[in-house]
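Visitor: I'm new to reading protein models. Could you walk me through a few features, one by one?

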Amino acid sequence: MNHEPFTALAEDLSGEVVLPGDETYEELRHVFSRKGEPAAVVRCHGTDDVRAAVLFAREQGLEISVRSGKHSLAGYGTGRGGLVIDLSPMNTVELLDAERHRVRVGPGAVWSEVAAFLAGHGLAFSSGDTASVGVGGLLLGGGIGWTARADGLALDNMTAAELVTADGRVVRASAEDNPELFWALRGGGGNFGIVTSFEITARPLERVQYGRVVYPGTEAAEVLKGWARHMRGAPDALMSHVTLFPTRGDTPAPITVIFCYAGDDGDEAIAPLLSLGTAESKTVDLVPVPQVLAPSGGLPPGWEPTVRSRFVPECGDAFVDAVLAGAGAFRTLFLEFRSLGGAVNRVPEDATAFAHRGSEVLMNTINMGTREENAAAAPALAAFWESLAPYVRGAYSNFLSEADEEDIAAAYPPATYARLQAVKRAYDPENVFSRNPNVKPAPDAQV
């Protein structure tokens, strides 16, 4: 493509335009597990830059990809031949109201930056669980972090957002300003514009009890069933995940129970998790909140994992048996189970575009390997998930490496999807923002 138009764009920005051949292009063109070849990357330093980039892309007929933390599992933060709007320089965190714990956060901040800033004020926020994940993508999709059962999803604690729409307008969304757009932003992802700032409500919290217990893989069924029974009645302050790696050779891989108690008096709540089986190792530490955010390790060269998620209304014994029996056929399948309930489930299902309240567990699978290896494994993986159909529902849009029509229908139930379509029609009728778990604009007859 002719670079002359990009030169003109660069003159209008406080940020920069990075083109193929530039020193930083190689670093910026990829995301976590996907490779891209965009025509250019625009590194935005503020709302005016975002607005200029959107209008430029539309004038030039360029597909838009939006990036904050580069963790898009489906590769939406990059593309081929289009324009990447990179929000990572917009990473300011600002305390707006100390008494009410209100904070403004830039979409390009990563959660370790937010956690460190909040810790300096004795505050914390239920974000995600990985330090380098960006604020933008996570907040718009959900955010099932280490205090989710106590505080709700990350998006449940969003109070306002500013965004640039497809026609270049700068719009505020909150309960008072454009409330239907505000509803849609909380779970509907990047379908309606590019958010340039979020306002969130944090909570006083300085330390948590955090730890893990490793049990032998031969006890996986016993451990997982006991974990589900305990978490069903556990106090809201306790959040827990269970992870199970693929079998190594003929030896079942260990099963790990990870937990976080929002406070320093959780011994009674944690104790049952330490005795679900024959513990091989266990740790329980009182740590500052930022320390519970895990680093995101890199992937081996060429790996493009296949990630899928579903919600489990009741994590009963029959479900556990079905999961473990089916997963045993794979040598590359990682399983994760995240406890839900508590504050997550007390929000009405139609209060936000995240409609999957009421489930006990979120189950994620990651099939590890190259694109070719995962393509070969796809039929077996589809059959595995089909075997779980009686036990699962919905999908979590933040944990999908491919968002096909089935996944979109799972992520957005019919009533939710129809409402999202109407908002999409109002703010992005030409589907300019399509690189996301995409909602198609409502036809004229539906508006």
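## Rings, pockets and cavities

Guide: Let's begin with a pair of residues: Trp-146 is buried, and Tyr-210 is buried too. Keep in mind that this is a predicted model.

Visitor: How many aromatic pairs does a search of the whole structure find?

Guide: The search turns up eleven aromatic pairs. In general, a pair of aromatic rings is described by the distance of the centres and the angle of the planes. For Trp-146 and Tyr-210, the ring centres are 5.6 Å apart and the planes are at 85°, so this pair is edge-to-face; the label applies to angles over 60 degrees.

Visitor: And where in the chain do Trp-146 and Tyr-210 lie?

Guide: Trp-146 is in the loop between α5 (135–141) and α6 (148–151), while Tyr-210 is in strand β12 (residues 207–215). They are 64 residues apart, so the pair links distant parts of the chain.

Visitor: What kind of aromatic pair do Phe-311 and Phe-354 form?

Guide: An edge-to-face one, with 5.8 Å from centre to centre and 90° between the planes. Phe-311 belongs to strand β16 (residues 306–312) and Phe-354 to the loop between α11 (343–346) and β18 (361–367), so the pair ties together parts 43 residues apart in sequence.

Visitor: Are those two buried or exposed?

Guide: Phe-311 is buried, with a relative accessible area of 0%. Phe-354 has 5% relative accessibility and counts as buried as well. Both also belong to one aromatic cluster, together with Tyr-396 and Phe-399.

Visitor: Which ring does the charged end of Arg-186 sit over?

Guide: The ring of Phe-182, at 4.0 Å from its centre. You can look for another case at Arg-419: its charged end sits over the ring of Trp-183, 3.9 Å from the centre.

Visitor: Let's try cysteines. How many disulfides does the structure hold?

Guide: Zero. Take Cys-260, which is in no disulfide: the nearest cysteine sulfur belongs to Cys-315 and is 20 Å away. The cut-off for a disulfide is 2.5 Å between the sulfur atoms. Cys-260 counts as buried at 1% relative accessibility, and Cys-44 is buried with a relative accessible area of 0%.

Visitor: On to empty space. What lines the second largest pocket?

Guide: Its lining has 28 residues, and Thr-306, Arg-308, Leu-381, Asp-404 and Asp-407 lie nearest the centre. The elements giving two or more residues to this lining are β16, α12 (371–387) and α13 (405–411). Helix α12 provides the largest share, nine residues. Sorted by class, the lining has twelve nonpolar, five polar and eleven charged residues. The space in this pocket is about 600 Å³.

Visitor: How many cavities of 30 Å³ or more are there?

Guide: There are two. The largest cavity has a volume of about 200 Å³ and a lining of 23 residues, with Ala-124, Phe-125, Ser-126, Ser-127 and Val-289 nearest its centre. Helix α4 gives the most to that lining, five residues. By class, the lining of the largest cavity has 16 nonpolar, five polar and two charged residues.

Visitor: And what about the second largest cavity: which residues line it?

Guide: Among them are Gly-141, Gly-187, Phe-354, His-356, Tyr-396 and Tyr-412. You've met Phe-354 and Tyr-396 already, in the aromatic cluster. The second largest cavity holds about 50 Å³ of space, and its lining has seven nonpolar, four polar and no charged residues.

Notes:
Residues numbered from 1 in each chain as written. Predicted model: local features only at pLDDT ≥ 70, side-chain atom pairs only at ≥ 80, totals over all residues. Heavy atoms only, no water. Phe/Tyr/Trp six-rings, centres within 6.5 Å; stacked < 30°, edge-to-face > 60°. Helix = DSSP H or I, 4+ residues; strand = E, 2+ residues; numbered from the N terminus. Buried < 20%, exposed > 50% of the residue type's maximum accessible area, 1.4 Å probe, protein only. Lys NZ or Arg CZ within 6 Å of the ring centre and 35° of its normal. 1 Å grid on protein atoms, 1.4 Å probe; cavity = no way out; pocket = protein on both sides within 12 Å on 5 of 7 lines; lining within 4 Å. Points joined across faces, edges and corners; volume = space filled by probe spheres on them. Nonpolar A, V, L, I, M, F, W, Y, C, P; charged D, E, K, R; others polar.
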